[in-house]
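Here's a quick briefing to read alongside the coordinates. Have the viewer open and follow along topic by topic.

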Amino acid sequence: MKLKRHHIKRLLWLAAALVFLYYCTKWFGQWGAGQLECNTLELPAESLPGAGPLRIAFVSDVHNNRALFKEAVDMVELAKPDLIIYGGDFIMVSERFMRTRKPIEELRRLGSIAPTFAILGNQDYEKLEQVERVFKTAGIPLLRNQALDWTAPSGQEIRIIGLGDYNEGDEAPAQCMKPQGQEDKPVLLLSHDPESRWLLRQYDWDLMLSGHTHGGQLGIPFTEHYISLRSSMPAGSYAFEDNRRVIVTRGVGSIWGMRFFCPPEINIIDIKP
């Protein structure tokens with residue numbers, strides 16, 4: 001059966017409309033992925049007891065995006081934090097991690113702004129030796145199931161704990177955390193995936209910083225709600241059992257280079273005195 005001329009025209013118009021819609025969607029997603037924000041969260045003193053006033057800059061999930069990483073470091077520098085945390089996934093596993101001079105220079109710049117500590121994300125394990133070399137060369141401690149004590153400007157010692165990645169089965173909390181009721185310092189916990197919180201309920205910690213979700217890279221327009229299949233905590237600040245708190249950042253980079261109503265971000269966390 002032959003198609004009539006007007007049917008052919010309709011099919012051509014439909015094909016043209018679909019192509020147009022595809023490129024518009026792709027452009028909008030790529031544009032959204034480049035709109036880096038610096039968002040401030042104010043937390044009550046009990047979020048990290050005795051530590052405030054304290055300003056923490058939280059950067060995560062750069063995924064090889066050098067241009068946005070430089071922009072993120074510029075934002076951190078303007079914020080003048082007391083402490084900087086990098087939350088994992090420095091690389092994109094599907095891309096070559098090469099010519100590392102620029103990433104090393106930006107990491108060094110972070111370390112010159114304030115004391116800086118980092119953890120690994122799941123993608124970093126695919127090129128683990130190289131990622132570890134970059135952080136070591138930059139002079140940024142990479143905490144992998146390790147704890148250290150850091151003195152806040154208030155004079156309060158804070159225990160900073162960095163876990164290995166939950167998705168890679170590398171977390172070992174028993175090596176670096178104390179059971180509930182035995183810790184005598186406020187604990188800032190760094191764990192790339194917020195879903196790891198369920199494995200850490202029996203340990204002492206106060207404030208957990210996570211990334212990994214990217215906020216789902218999809219948000220509901222004109223709201224602050226995000227759609228993620230990775231976590232019930234896609235992005236934002238969440239209360240969790242016994243006055244604990246989990247902060248999940250949308251991160252700097254993105255998968256497939258697109259975001260929709262879910263712009264990339266760094267977080268400035270202000271803890272009240």
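## Helices and sheets at a glance

Helix 2 has 14 residues, and its first and last C-alpha atoms are 20 Å apart, close to the 20 Å you'd expect at 1.5 Å a residue. Keep in mind that this is a predicted model. There are two open sheets to get to know: one has five strands, and the other has six.

**Helix 2 (66-79)**

- The buried residues here are Leu68, Phe69, Ala72, Val73, Met75, Val76 and Ala79.
- Those residues cover an arc of only 160° around the axis, so they sit on the same side of helix 2.
- Flip to the other side of helix 2 and you'll find Ala67 and Leu78 exposed.
- Just past the end of helix 2, Lys80 takes a positive phi of about 55°.

**Helix 3 (101-113)**

- Does the length of helix 3 add up, and what span should its 13 residues have at 1.5 Å a residue? The expected figure is 18 Å, and the end C-alpha atoms are 19 Å apart, which agrees.
- Pro103, Ile104, Glu106, Leu107 and Leu110 are the buried residues of helix 3.
- Looking down the axis of helix 3, you'd see those buried residues fall within an arc of 165°, so they line one face of the helix.
- Arg101, Lys102 and Ser112, on the other side of helix 3, are exposed.
- As for packing partners, the buried residues of helix 3 go up against helix 2, strand 3 (83-86), strand 4 and helix 4 (128-138).

**Two residues of helix 3 to click on**

- Leu110, which belongs to helix 3, is buried, with a relative accessible area of 1%.
- Which residues does Leu110 contact, leaving aside its neighbours within four places in sequence? The list is Phe69, Val73, Val76, Ile84 and Thr116.
- Of these contacts, Phe69, Val73 and Val76 are among the buried residues of helix 2.
- Ile84 is 26 residues from Leu110 in sequence, yet their C-alpha atoms are 7.5 Å apart in space.
- Glu106 is also found in helix 3. Its relative accessibility is 12%, and it counts as buried because the cut-off for that is under 20%.
- Leaving out residues up to four places away in sequence, Glu106 touches Phe69, Lys70 and Val73.

**The five-strand sheet**

- The strand order is 1-11-2-3-4, and the pairing is mixed.
- Strand 1 (37-43) and strand 4 (116-118) are the edges, each pairing on one side only.
- From one strand to the next, the twist averages 20°.
- Strand 1 and strand 11 (residues 265-271) run parallel and are joined by seven bridges.
- In that pairing, Glu37 stands opposite Glu265 of strand 11.

**Strand 2 and its neighbours**

- Is strand 2 (residues 54-59) enclosed or open? Five of its six residues are buried, so strand 2 is largely enclosed by the rest of the structure.
- Strand 2 runs antiparallel to strand 11, with five bridges between the two.
- Ile56 has Ile269 as its bridge partner in strand 11.
- Strand 2 runs parallel to strand 3, with four bridges joining them.
- On that side, Ile56 stands opposite Leu83 of strand 3.
- Between these two strands, the chain leaves strand 2, passes through helix 2 and arrives at strand 3, making a right-handed β-α-β crossover.

**The six-strand sheet**

- This open sheet has the order 5-6-7-8-10-9, again with mixed pairing.
- Its edge strands are strand 5 (146-151) and strand 9 (236-240), and each pairs on one side only.
- The twist here averages 20° from one strand to the next.
- Strand 9 and strand 10 (residues 244-248) run antiparallel, joined by five bridges.
- Tyr238 stands opposite Val246 of strand 10.

Methods: Residues are numbered from 1 along each chain as its sequence is written. This is a predicted model: local features need pLDDT of at least 70, side-chain atom pairs count only at pLDDT 80 or more; totals for chains, interfaces and linings use all residues. Side-chain values use heavy atoms; hydrogens and water are left out. Two strands pair if DSSP finds at least two bridges between them. Axes are lines fitted to C-alpha atoms, for helices over the stretch in contact, and angles run from 0 to 180 degrees between N-to-C directions. Buried means under 20% relative accessible area, exposed over 50%, partly exposed in between (1.4 Å probe, protein chains only). Contact means heavy atoms within 4.5 Å. The expected span of a helix is 1.5 Å times one less than its number of residues. The arc is that of the directions from the helix axis to the C-beta atoms. A crossover is right-handed if, with the strands pointing away from the viewer, the path from the first strand over the helix to the second runs clockwise.
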